[in-house]
Amino acid sequence: MSLSAWAGLAGAVLLAAFLVWFVAWGLLSKRHRLPCPSWLGWMVEMDNPFTRTNRAAFIVEALDLTPGMRVLDAGCGPGRLTIPLAEAVGPHGVVTAVDIQPAMLERVRARLKGRADLTVHLVAGALEEAVPADAAFDRALLVTVLGEIPDQAAALRRVHDSLRPGGVLSITELVFDPHFQRLSRITARAEAAGFRPSTIHGGRLAYTAHFVRPAAA
């Protein structure tokens, strides 16, 4: 067999292995909490070059943040959104960054060194347990995170309760993520948790969707 044939075979094997891993990770996450491991943090720190709805600048701008707001970055990972969120709400605003992996929070802490102008609270734990229900956040984000949580209903209810009436939940999903969640599924679960659908940016395969906690009657 020629060298080029061996190279082609090796490439096919690697591709097949990747696809098996991709599908298996997504399926297992439906029953087990399998977040992106911290050693892959460098990967989730990058903006996806193929879709604008996953880019940090777009997500932050779409939230219409103002100085002094309180923001929940749920499943913050290494802080790709945490830092620009904190910059947007200013020194009098607060970003609460929650992640189940302490190693991810250490990455955020390292990025915050020398940024005394930012107010960021780091919280380790599962979203549905670590987020205080009476926090009265103005905004909350779940960026390619919801599919990693087995009990999505409980997580969405907790986020709903932690938002002030009129507060906005932003959910970003991307088909390249093994935990990708369809918009129709997300919408149904958000509505069941008490949210009202608002704005949708993007399409079926890559989107950022906003949901509002209705004001008290």
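This report walks through a predicted model of one protein, from its overall make-up to some of its residues.

**The whole protein**

Let's start with the big picture. The secondary structure consists of eight helices and seven strands. Of the 217 residues, 45% count as buried. The accessible surface comes to about 10,900 Å², and carbon and sulfur atoms account for 61% of that area. If you take the contacts with a separation of 6 or more, 73% of them are between residues 24 or more positions apart.

How confident is the predictor? The pLDDT averages 85, and 77% of the residues score at least 70. Over residues 15–29, however, the pLDDT is below 50, although this stretch has 17 contacts in the model beyond near neighbours in sequence. Where pLDDT is low, the predicted coordinates should not be read in detail.

**Two helices with a buried side**

Which residues of helix H4 (residues 82–89) are buried? They are Thr 82, Ile 83, Leu 85, Ala 86 and Val 89. These residues lie on the same side of H4, because they cover an arc of only 160 degrees around the axis. Their cover includes helix H3 (56–62), helix H5, and the strands S1 (70–74), S2 (94–99), S3 (120–124) and S4 (137–143). After H4 comes Gly 90, with a positive phi near 75 degrees.

Helix H5 (residues 102–111) has its own buried residues, namely Met 104, Leu 105 and Val 108. Here the arc is only 100 degrees around the axis, so these residues also sit on the same side of H5. A general rule is handy to remember here: an α-helix has 3.6 residues a turn, so residues three or four places apart point the same way.

**A hairpin and an aromatic pair**

Now let's move further along the chain. Strands S6 (residues 196–202) and S7 (residues 206–212) run antiparallel and are joined by five bridges. Together they form a hairpin, with three residues between the strands. Which residue in S7 is the bridge partner of Gly 202? That partner is Tyr 207.

Tyr 207 has a second role to look at. The count of aromatic pairs comes to one. Phe 180 and Tyr 207 form this edge-to-face pair, with 6.4 Å centre to centre and 65 degrees between the planes. Phe 180 lies in the loop between strand S5 (163–174) and helix H8 (183–192), while Tyr 207 is in strand S7, so the pair ties together parts that are 27 residues apart in sequence. Is Tyr 207 buried or exposed? Its relative accessibility is 0%, so Tyr 207 counts as buried.

**Residues in loops**

Some loop residues are worth a visit too. Most residues other than glycine have a negative phi. Asp 64 has a positive phi of about 55 degrees although it is not a glycine, and Ala 136 has a positive phi of about 60 degrees, also without being a glycine. The table shows where these two and Arg 55 are found.

| Residue | Loop | Relative accessibility |
|---|---|---|
| Arg 55 | between helix H2 (41–44) and H3 | 32%, partly exposed |
| Asp 64 | between H3 and S1 | 55%, exposed |
| Ala 136 | between helix H6 (127–130) and S4 | 36%, partly exposed |

Arg 55 also shows how the chain folds back on itself in space: 25 residues along the chain separate Arg 55 from Arg 80, and their C-alpha atoms are 9.4 Å apart.

Terms used
Residues are numbered from 1 along each chain as its sequence is written. This is a predicted model: local features need pLDDT of at least 70, side-chain atom pairs count only at pLDDT 80 or more; totals for chains, interfaces and linings use all residues. Side-chain values use heavy atoms; hydrogens and water are left out. Two strands pair if DSSP finds at least two bridges between them. Helices (H or I, at least four residues) and strands (E, at least two) are DSSP runs, numbered from the N terminus. Buried means under 20% relative accessible area, exposed over 50%, partly exposed in between (1.4 Å probe, protein chains only). The arc is that of the directions from the helix axis to the C-beta atoms. Rings of Phe, Tyr and Trp (its six-membered ring) pair if their centres lie within 6.5 Å; planes under 30 degrees apart count as stacked, over 60 as edge-to-face and the rest as tilted. pLDDT is the predictor's confidence in each residue, from 0 to 100. Contact means heavy atoms within 4.5 Å. Accessible areas come from the Shrake-Rupley method with a 1.4 Å probe; for residues, only the protein chains shown count as cover.
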